[in-house]
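Let's take a walk through this one together. Have the sequence and the coordinates open as you read.

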Amino acid sequence: MGNIFGRKRLTRVTEQDRAVLQLKQQRDKLKQYQKRINLHLEKERLLARQLLRDGKKPKALLLLKKKRYQEQLLDKTENQISNLERMVQDIEFAQIEMKVIEGLKIGNDCLKKMHEVMSIEDVERIMEETQDGIDYQRQIDEVLAGSLTQEDEDAVLAELEALTQGEEEVEELPEVPTEPLPKVPDTEPGF
């Protein structure tokens, strides 16, 4: 049921993925080879003991030389497996590095586009306008809070001095009448 309506699935297997797969397959084959050699070495060791017991020393010696050669092959196989695993890790890490570099490239392109939209001069202008707005708001806050500048304080003191000197010359105001005011009619006069 995988291909409904004739759609083909796109595989995203890269050359690096194929290389990693081949390396891992080769590694697995070498590990199987190692197991076979280890089993064979154990059998030859037991056979060499048996030959020594039977008094066939030259054959036992030949068998031990063959065993020694296979042990050297086993060491070489182990080195090859290490090399394969190191290569797989290097390829996988290189793929990660490529993705990181692609991400950095996309990020740099994005930053360039953002910098094209806003230049340093625009930022400086906006910062100056912001500072002007902050200063203006501070002045409004000072006026509303009752804070006066030194010049304003001097003007207020001068006005107070003028008022205190003028108190001595204050005119007498007429008295307020104490009688109640006349009533206003509730209805409008008819025209």
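Is Arg-18 buried, partly exposed or exposed? Arg-18 is partly exposed, because its relative accessible area is 41% and the partly exposed class runs from 20% to 50%. Keep in mind that what you're looking at is a predicted model. Arg-18 has a partner, too: a salt bridge links Arg-18 to Glu-15, with 2.8 Å between the closest N and O atoms. Both residues sit in helix H1, three residues apart, or about one turn of the helix. An α-helix has 3.6 residues a turn, so residues three or four places apart point the same way. Glu-15 counts as exposed, at 58% relative accessibility.

Now step back to the whole chain. The secondary structure comes to four helices and zero strands, and from the N terminus the elements read α-α-α-α. Of the 191 residues, 10% count as buried. The protein chain exposes about 18100 Å², and carbon and sulfur atoms supply 57% of that. Take the contacts between residues at least 6 apart in sequence: 73% of them join residues at least 24 apart.

Start with H1, which covers residues 15-53. Its 39 residues reach 57 Å from the first C-alpha to the last, close to the 57 Å expected at 1.5 Å a residue. The buried residues in H1 include Val-20, Leu-23, Arg-27, Leu-30 and Gln-34, and the buried residues of H1 pack against helix H2 (57-117). Just after H1, Gly-55 takes a positive phi of about 85 degrees.

H2 has 61 residues and spans 90 Å from its first C-alpha to its last, close to the 90 Å expected at 1.5 Å a residue. Among its buried residues are Leu-63, Lys-67, Gln-70, Leu-74 and Ile-81, and H1 is part of what covers the buried residues of H2. For a feel of how the chain comes back on itself, try Ser-82 and Arg-27: they are 55 residues apart in sequence, but 8.7 Å apart in space, C-alpha to C-alpha. Ser-82 is in helix H2 and counts as partly exposed, at 28% relative accessibility.

A salt bridge connects these two helices as well. The side chains of Glu-92 and Lys-24 meet at 3.5 Å, N to O. Glu-92 lies in helix H2 and Lys-24 in helix H1, so the pair ties together parts that are 68 residues apart in sequence. Both ends are partly exposed: Glu-92 has a relative accessible area of 31%, and Lys-24 has 29%.

The UniProt annotation, from an unreviewed entry, puts "coiled-coil region" on residues 16-43 and 67-94. In the model, residues 16-43 are 100% helix, with end C-alpha atoms 41 Å apart. Residues 67-94 are also 100% helix, and their end C-alpha atoms lie 40 Å apart.

What about the nonpolar surface? Val-117, Met-118, Val-123, Ile-126 and Met-127 form a nonpolar patch with about 460 Å² of accessible area together. Helix H3 (residues 120-145) gives the most to the patch, with three residues. One residue of H3 is Met-127, which counts as exposed at 54% relative accessibility.

H3 has a salt bridge as well, between Arg-138 and Asp-135 (3.4 Å, N to O). These two lie three residues apart in H3, about one turn of the helix. Elsewhere, salt bridges that share partners join Lys-67, Arg-68 and Glu-71 into one network. A search of the whole structure finds eleven salt bridges.

Methods
Residues are numbered from 1 along each chain as its sequence is written. This is a predicted model: local features need pLDDT of at least 70, side-chain atom pairs count only at pLDDT 80 or more; totals for chains, interfaces and linings use all residues. Side-chain values use heavy atoms; hydrogens and water are left out. The expected span of a helix is 1.5 Å times one less than its number of residues. Buried means under 20% relative accessible area, exposed over 50%, partly exposed in between (1.4 Å probe, protein chains only). Contact means heavy atoms within 4.5 Å. Patches are made of residues with over 30% relative accessible area and no salt bridge: like charges are joined within 9 Å, nonpolar side chains (Val, Leu, Ile, Met, Phe, Trp, Tyr) within 5 Å. Accessible areas come from the Shrake-Rupley method with a 1.4 Å probe; for residues, only the protein chains shown count as cover. A salt bridge is a side-chain nitrogen of Lys or Arg within 4 Å of a carboxyl oxygen of Asp or Glu. UniProt positions are given in the numbering used here, feature names are shortened, and annotations may be inferred rather than shown by experiment.
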